[in-house]
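This report considers side-chain contacts in a protein chain, with attention to charged pairs and aromatic rings. Please consult the sequence and the structure shown below while reading.

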Amino acid sequence: MIVGSALALTAGLALAGCSDASADKASDKPELKVAGAFMPAPAMDDMASGFFTVTNKGGADKLTSVTSSIAEKVTLHSTKNNAMKEQKSFDVPANGELDFARGGNHLMFEELKHKPKEGDKIAVTLHFAKSDPIEVEVPVKAATYNPKPGKHASH
């Protein structure tokens, strides 16, 4: 009887450990949402920029690339100390945000197939290391548009 109770207790602890491990795995999964996307109406015929915020309420992920049918290529860039530099990827921190804003991180749409104008909506797909791709409809705003912080519309 004592042996049976000990085995039952051991099995119960093992199962509790398994459920804790699977709960930890679930919390490691990124929960991404994109908001505040916009493209300022481009001044040039062959290049444009794009901005948005990725909010993550789960585990860490990484933005690895962006694609859009409007451009031959879309590249990721950071701006630090007034110097723009192409990046291979950007970390999306666990329970945090990745912000693409004027004067900072941004997208460059290169070799545009046509020049978008204010009022257009551009289809963009964000690709991540862990999460499924997220498709975003990016509105083209006035060239001078700059949203107020915290005023992002969800996508």
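Glu110 is buried in this predicted model, because its relative accessible area of 16% falls under the 20% limit for burial. Its side chain meets that of Lys73 in a salt bridge, with 3.7 Å from N to O. Lys73 lies in strand 4 (residues 71–80) and Glu110 in strand 8, so this salt bridge ties together parts of the chain that are 37 residues apart in sequence. Unlike the buried Glu110, Lys73 counts as partly exposed, at 40% relative accessibility.

**Further salt bridges**

The whole structure holds 5 salt bridges. One of them joins the side chains of Asp45 and Lys115. This pair links distant parts of the chain, 70 residues apart: Asp45 belongs to the loop between strand 1 (32–40) and strand 2 (47–56), and Lys115 to the loop between strand 8 (106–112) and strand 9 (121–128). Asp45 is exposed, with a relative accessible area of 56%, whereas Lys115 is partly exposed at 37%.

Another salt bridge is formed by Glu137 and Lys121. Glu137 lies in strand 10 (residues 134–141) and Lys121 in strand 9, so the two residues connect parts that are 16 residues apart in sequence. Glu137 is partly exposed, with a relative accessible area of 46%; Lys121 is exposed, with a value of 56%.

The table lists these three pairs.

| Salt bridge | N to O distance |
|---|---|
| Lys73 and Glu110 | 3.7 Å |
| Asp45 and Lys115 | 3.7 Å |
| Glu137 and Lys121 | 3.8 Å |

**Aromatic contacts**

The structure also holds 4 aromatic pairs. Among them is the pair of Phe90 and Phe100, whose ring centres are 5.1 Å apart, with 70° between the planes. The arrangement is edge-to-face, because an angle over 60 degrees between the planes counts as such. Phe90 is in strand 6 (residues 90–92) and Phe100 in strand 7 (residues 97–100); the pair links distant parts of the chain, 10 residues apart. Are these two rings buried or exposed? Phe90 is buried, with a relative accessible area of 9%, and Phe100 is buried as well, with a relative accessible area of 2%.

Elsewhere, Phe38, Phe51 and Tyr145 form one aromatic cluster. Tyr145 also has a charged partner: the charged end of Lys141 sits over the ring of Tyr145, 5.1 Å from the ring centre.

Technical notes. Residues numbered from 1 in each chain as written. Predicted model: local features only at pLDDT ≥ 70, side-chain atom pairs only at ≥ 80, totals over all residues. Heavy atoms only, no water. Phe/Tyr/Trp six-rings, centres within 6.5 Å; stacked < 30°, edge-to-face > 60°. Helix = DSSP H or I, 4+ residues; strand = E, 2+ residues; numbered from the N terminus. Buried < 20%, exposed > 50% of the residue type's maximum accessible area, 1.4 Å probe, protein only. Lys NZ or Arg CZ within 6 Å of the ring centre and 35° of its normal. Salt bridge = Lys/Arg side-chain N within 4 Å of Asp/Glu carboxyl O.
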